[in-house]
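User: I'd like to go through the labels on this one and hear what backs each of them. Could you set the values against the cut-offs as we go?

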Amino acid sequence: MIYRELTRKTPYEPKPRSGRPRVTDIRSDRRIQRMASSQKMSVREITGASRLQISKNTVHRRIIESGYMIHAKMTRRLPLSKLHISKILRWTRNHMSYDDKWMAVFFSDEKMEPRWT
């Protein structure tokens with residue numbers, strides 16, 4: 001079978017499939033994915049900004065088809081307890097005299113949970 005395909009005089013083309021044709025092409029799919037990832041736009045905003053007459057379900061499907069973008073809600077955090085607040089205040093009072101040393105401190109992500117000592 002491979003030999004037959006390689007020696008064929010006309011190039012191989014897949015058979016046309018039945019079903020409704022896609023509303024968007026590859027270029028508009030990439031544009032939708034770019035808007036969703038770089039501009040942090042919602043599905044409704046992307047639908048309004050697109051040049052095509054497409055539904056929000058179509059936009060949502062194109063984002064899911066990309067494969068590298070997933071929707072995940074952040075986990076809810078409990079409010080700080082009085083013990084944690086007192087530990088934070090004690091730590092800040094101990095480190096108020098840092099002055100120029102603060103320039104050497106690297107603060108990573110603010111959403112990370114602090115380590116209590």
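User: What makes Arg 62 and Asp 29 a salt bridge?

Analyst: The closest N and O atoms of Arg 62 and Asp 29 are 3.2 Å apart. The label asks for a side-chain nitrogen of Lys or Arg within 4 Å of a carboxyl oxygen of Asp or Glu, so the pair qualifies. Bear in mind that this is a predicted model: local features need pLDDT of at least 70 and side-chain atom pairs pLDDT 80 or more, while totals for chains, interfaces and linings use all residues. Residues are numbered from 1 along each chain as its sequence is written, and side-chain values use heavy atoms, with hydrogens and water left out.

User: Which parts of the chain does that pair tie together?

Analyst: Arg 62 sits in helix H4 and Asp 29 in helix H2, so the bridge ties together parts 33 residues apart in sequence. Helices here are DSSP runs (H or I, at least four residues; strands are E, at least two), numbered from the N terminus.

User: Are Arg 62 and Asp 29 buried or exposed, and how do you know?

Analyst: Both are buried: Arg 62 has a relative accessible area of 5%, and Asp 29 has 10%. Buried means under 20%, exposed over 50%, and partly exposed in between (1.4 Å probe, protein chains only).

User: What else does Arg 62 pair with in a salt bridge?

Analyst: Glu 65, with 3.6 Å from N to O. Those two residues are both in H4, 3 residues apart, or about one turn of the helix. Glu 65 also forms a salt bridge with Arg 22, where the closest N and O atoms are 3.3 Å apart. That second pair links distant parts of the chain, 43 residues apart, with Arg 22 in the loop between H1 and H2.

User: What makes these a network?

Analyst: Salt bridges link Arg 22, Asp 29, Arg 62 and Glu 65. A search of the whole structure turns up 4 salt bridges. Side chains of opposite charge can pair when their charged atoms come close.

User: How do Glu 65 and Arg 22 rate for accessibility?

Analyst: Glu 65 comes out at 46%, so it's partly exposed. Arg 22, at 47%, is partly exposed too.

User: Now Thr 24. Where is it, and is it buried or exposed?

Analyst: Thr 24 is in the loop between helix H1 (2–6) and helix H2 (26–38). Its relative accessible area is 5%, so it counts as buried.

User: Which side chains does Thr 24 make a polar contact with, and what makes the label fit?

Analyst: The side chain of Thr 24 reaches that of Asp 29 at 2.6 Å and that of Arg 62 at 2.8 Å. A polar contact is a pair of N or O atoms within 3.5 Å; within protein, one must be able to donate a hydrogen and the other to accept it, and residues adjacent in sequence count only if both atoms are side-chain atoms. Both distances therefore fall within the limit.

User: Which residues is Thr 24 in contact with, leaving aside its neighbours within four places in sequence?

Analyst: Asp 29, Ile 32, Leu 52, Ile 54 and Arg 62, where contact means heavy atoms within 4.5 Å. Leu 52 is in the loop between helix H3 (43–49) and H4, and is partly exposed with a relative accessible area of 34%. The C-alpha atoms of Leu 52 and Thr 24 are 8.0 Å apart, with their positions 28 residues apart along the chain.

User: How are H2 and H4 oriented, and how do you know?

Analyst: Their axes come within 9 Å and cross at roughly 85°. That makes H2 roughly perpendicular to H4. The axes are lines fitted to C-alpha atoms, for helices over the stretch in contact, and angles run from 0 to 180 degrees between N-to-C directions. Under 35 degrees counts as roughly parallel, over 145 as roughly antiparallel, 65 to 115 as roughly perpendicular, and the rest as oblique.

User: Which residues meet there?

Analyst: From H2, Asp 29, Ile 32, Gln 33 and Ala 36; from H4, Val 59, Arg 62, Ile 63 and Ser 66.

User: And Tyr 68: buried or exposed?

Analyst: Exposed, since its relative accessibility is 52%. Tyr 68 is in the loop between H4 and helix H5 (82–94). Leaving aside neighbours within four places in sequence, Tyr 68 contacts Gln 33 and Ser 37.
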